[in-house]
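Here is a short report on one protein chain. Look over the sequence and the model first, then read on.

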Amino acid sequence: MTFMIGSMLGSFITCMAERLCLNLPLWSLSRSACPTCHHQLRWWQLIPILGILIQRGRCWDCHAVINWRSTLIELVAGVLTMAVGINPSPNLLLLLFCYIILLFNSLTDYLTLNIYPATIIGPLLLGWWLQPPTWDGPFYLVIGLIIILYLIAKFTNRLGSGDIDILLMLSAVASPALVIGSLTLAAIAALVILILRRKRAPIPFVPFMTWSFILCTQLNQTGISVF
């Protein structure tokens with residue numbers, strides 16, 4: 001049951017992100033349509049994960065290949081929700097909330113190189129309320145890192161300000177070690193992609209931060225200390 005709820009949530013945030021990026025109205029009484037033939041989707045085509053499997057990865061009407069991006073997010077959101085549902089707690093629910101916001105912004109960053117800072121306010125405030133920061137060396141290190149990266153983003157074009165917003169949210173919901181570890185892993189992965197692409201075109205960094213943070217926090221939940 002929790003997997004179904006999570007997959008539906010993943011489908012919802014994917015729909016909202018894609019509509020925002022295409023400048024379409026967020027709320028509509030009509031169902032979504034195929035981006036190729038513009039035929040309105042039937043109810044069963046909108047079932048998370050199963051819809052694309054029933055259609056064998058192609059539109060039922062025009063047979064155009066369906067992008068698996070939404071299905072991947074539905075699957076990840078379902079698995080993460082199921083993991084939290086096994087032993088729910090306020091901190092784990094906060095972590096799930098953060099995951100959902102990360103997945104949403106990673107998609108908008110991937111599609112348009114933009115994020116929506118207003119979406120981070122909820123987990124940011126909840127994080128500081130549920131687990132107030134401990135004013136010690138590691139916390140000051142994270143704050144100093146955020147300030148340095150903010151200055152880099154402000155005076156150069158090497159980093160987007162949205163990446164700093166996401167990093168600030170992560171610092172409110174996870175330990176400094178997990179934040180720095182996730183950022184390090186994301187930076188290494190992004191660097192590898194840049195080298196392989198051999199292009200100077202900007203790449204969206206929030207998806208790297210999202211997957212590295214999910215990986216590090218989930219391993220930490222299972223008792224495996226990555227950093």
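## Fold and overall shape

How many helices and how many strands are there in the protein chain? The count is 9 helices and 0 strands. Read from the N terminus, the order of elements is α-α-α-α-α-α-α-α-α. Keep in mind that this is a predicted model.

The radius of gyration of the protein chain is 19 Å. The globule rule gives 17 Å for 227 residues, and the two values are close, so the chain is as compact as a globular protein of that length. Along the principal axes, the C-alpha trace spans about 60 × 45 × 30 Å.

## Two domains

The domain assignment splits the protein chain into domain 1, residues 1–88, and domain 2, residues 115–226. Their centres, taken over C-alpha atoms, lie 27 Å apart. Each side brings a few residues to the contact: 4 residues from domain 1 and 4 residues from domain 2.

## The interface between the domains

The size of an interface is often given as the accessible area lost when the parts come together. Here domain 1 and domain 2 bury about 390 Å² between them. Carbon and sulfur atoms account for 83% of that area. On the domain 1 side, L20, V76 and L80 supply 74% of the area buried against domain 2. No other three residues supply more.

What polar links join the two domains? Between domain 1 and domain 2 there are 0 salt bridges. Residue pairs in polar contact, with both at pLDDT 80 or more, also number 0. Helix α3, residues 69–86, gives the most to the side of domain 1 that touches domain 2, with 3 residues. By class, that side of domain 1 has 4 nonpolar residues, no polar and no charged.

## Salt bridges

Side chains of opposite charge can pair when their charged atoms come close. The structure holds 2 salt bridges. One of them joins R69 and E18, with the closest N and O atoms 3.1 Å apart. This pair links distant parts of the chain. R69 sits in helix α3, E18 sits in helix α1 (residues 2–21), and the two are 51 residues apart.

Definitions and conventions. Residues are numbered from 1 along each chain as its sequence is written. This is a predicted model: local features need pLDDT of at least 70, side-chain atom pairs count only at pLDDT 80 or more; totals for chains, interfaces and linings use all residues. Side-chain values use heavy atoms; hydrogens and water are left out. Domain bounds come from an automatic or database domain assignment. Contact means heavy atoms within 4.5 Å. Buried area is the accessible area (1.4 Å probe) that two parts lose on being put together, summed over both. A salt bridge is a side-chain nitrogen of Lys or Arg within 4 Å of a carboxyl oxygen of Asp or Glu. A polar contact is a pair of N or O atoms within 3.5 Å; within protein, one must be able to donate a hydrogen and the other to accept it, and residues adjacent in sequence count only if both atoms are side-chain atoms. Helices (H or I, at least four residues) and strands (E, at least two) are DSSP runs, numbered from the N terminus. Ala, Val, Leu, Ile, Met, Phe, Trp, Tyr, Cys and Pro count as nonpolar, Asp, Glu, Lys and Arg as charged, and the others, Gly among them, as polar. The radius of gyration is taken over C-alpha atoms; the globule rule is 2.2 Å times the number of residues to the power 0.38.
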